[in-house]
Amino acid sequence: MANIDIERSHHLGIPAARSVVDKIAADMQKRLGVTHQWQGDVLQFSGTGVHGAISVSEDAVRITAQLGMLLSAFRGKIEQDIGEKLDLHLA
């Protein structure tokens with residue numbers, strides 16, 4: 001198993017940051033088949049070979065995930081894609 005832990009700061013406030021996270025979650029659902037649900041300001045997600053959370057605060061978004069054996073091989077690419085999406089939408 002491999003872990004992912006990515007955090008990015010932002011100046012959007014919680015409602016706008018949650019909107020960005022919703023877009024990322026929709027993309028994850030489409031690409032990885034994950035399901036997701038908000039619990040307060042934390043979006044929990046899970047799917048075959050992956051589970052984790054995206055936490056939203058007033059000034060940061062943090063993604064933590066555990067990848068199963070198959071997805072562990074793609075950890076670097078997955079981290080890069082997530083980081084690029086966060087950088088693009090939180091700037």
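R75 is partly exposed in this predicted model, because its relative accessible area of 35% falls between the 20% cut-off for buried and the 50% cut-off for exposed. R75 belongs to helix α3. Setting aside neighbours within four places in sequence, R75 is in contact with A2, N3, I4 and L67. R18, by comparison, sits 57 residues from R75 in sequence, and their C-alpha atoms are 24 Å apart in space.

Another residue of helix α3 worth a look is K85. Is K85 buried, exposed or partly exposed? K85 counts as partly exposed, because its relative accessibility is 27%, and that value lies between the limits of 20% and 50%. Residues up to four places away in sequence not counted, K85 touches I24, D27 and R31. One of these, I24, is 61 residues from K85 along the chain, yet the two C-alpha atoms are separated by 7.5 Å.

**The helix that carries both residues**

Helix α3 covers residues 75-90, which makes 16 residues. From its first C-alpha to its last, α3 reaches 22 Å, close to the 22 Å expected at 1.5 Å a residue. Which residues of α3 are buried? They are I78, D81, I82, G83, L86 and L90. These buried residues pack against two strands, β1 (2-9) and β5 (60-67), and against two helices, α1 (14-32) and α2 (69-72).

**The sheet**

Let us turn to the strands. In general, the strands of a sheet pair through backbone hydrogen bonds, in either a parallel or an antiparallel sense. Here, five strands make an open sheet in the order β1-β5-β4-β3-β2, with antiparallel pairing. β1 and β2 are the edge strands, each pairing on one side only. From one strand to the next, the twist averages 15 degrees. Helix α3 packs on this sheet, where α3 touches β1 and β5. The direction of α3 makes about 15 degrees with that of β1.

The table lists three of the strand pairs, with an example of facing residues for each.

| Strand pair | Sense | Bridges | Example of partners |
|---|---|---|---|
| β1 and β5 | antiparallel | eight bridges | I4 and A65 |
| β4 and β5 | antiparallel | seven bridges | S55 and R62 |
| β2 and β3 | antiparallel | five bridges | T35 and S46 |

A65 of β5 is a nice residue to follow through the sheet. A65 is the bridge partner of I4, and A65 is also the bridge partner of G52. I4 has already appeared above, among the contacts of R75.

Two of the strand pairs are hairpins. β4 (residues 50-56) is joined to β5 by a hairpin through three residues. The other hairpin is formed by β2 (residues 35-39) and β3 (residues 42-47), with two residues between them. What is the phi of G40, in the turn of this second hairpin? G40 has a positive phi of about 70 degrees.

**Rings and charges**

How many aromatic pairs does a search of the whole structure find? The search finds zero aromatic pairs. There is, however, a charge placed over a ring: R18 lies over the face of W38, at 3.9 Å from the ring centre. This is the R18 whose C-alpha is 24 Å from that of R75.

Terms used
Residues are numbered from 1 along each chain as its sequence is written. This is a predicted model: local features need pLDDT of at least 70, side-chain atom pairs count only at pLDDT 80 or more; totals for chains, interfaces and linings use all residues. Side-chain values use heavy atoms; hydrogens and water are left out. Helices (H or I, at least four residues) and strands (E, at least two) are DSSP runs, numbered from the N terminus. The expected span of a helix is 1.5 Å times one less than its number of residues. Buried means under 20% relative accessible area, exposed over 50%, partly exposed in between (1.4 Å probe, protein chains only). Contact means heavy atoms within 4.5 Å. Two strands pair if DSSP finds at least two bridges between them. Rings of Phe, Tyr and Trp (its six-membered ring) pair if their centres lie within 6.5 Å; planes under 30 degrees apart count as stacked, over 60 as edge-to-face and the rest as tilted. A charge sits over a ring if NZ of Lys or CZ of Arg is within 6 Å of the ring centre and within 35 degrees of the ring normal. Axes are lines fitted to C-alpha atoms, for helices over the stretch in contact, and angles run from 0 to 180 degrees between N-to-C directions.
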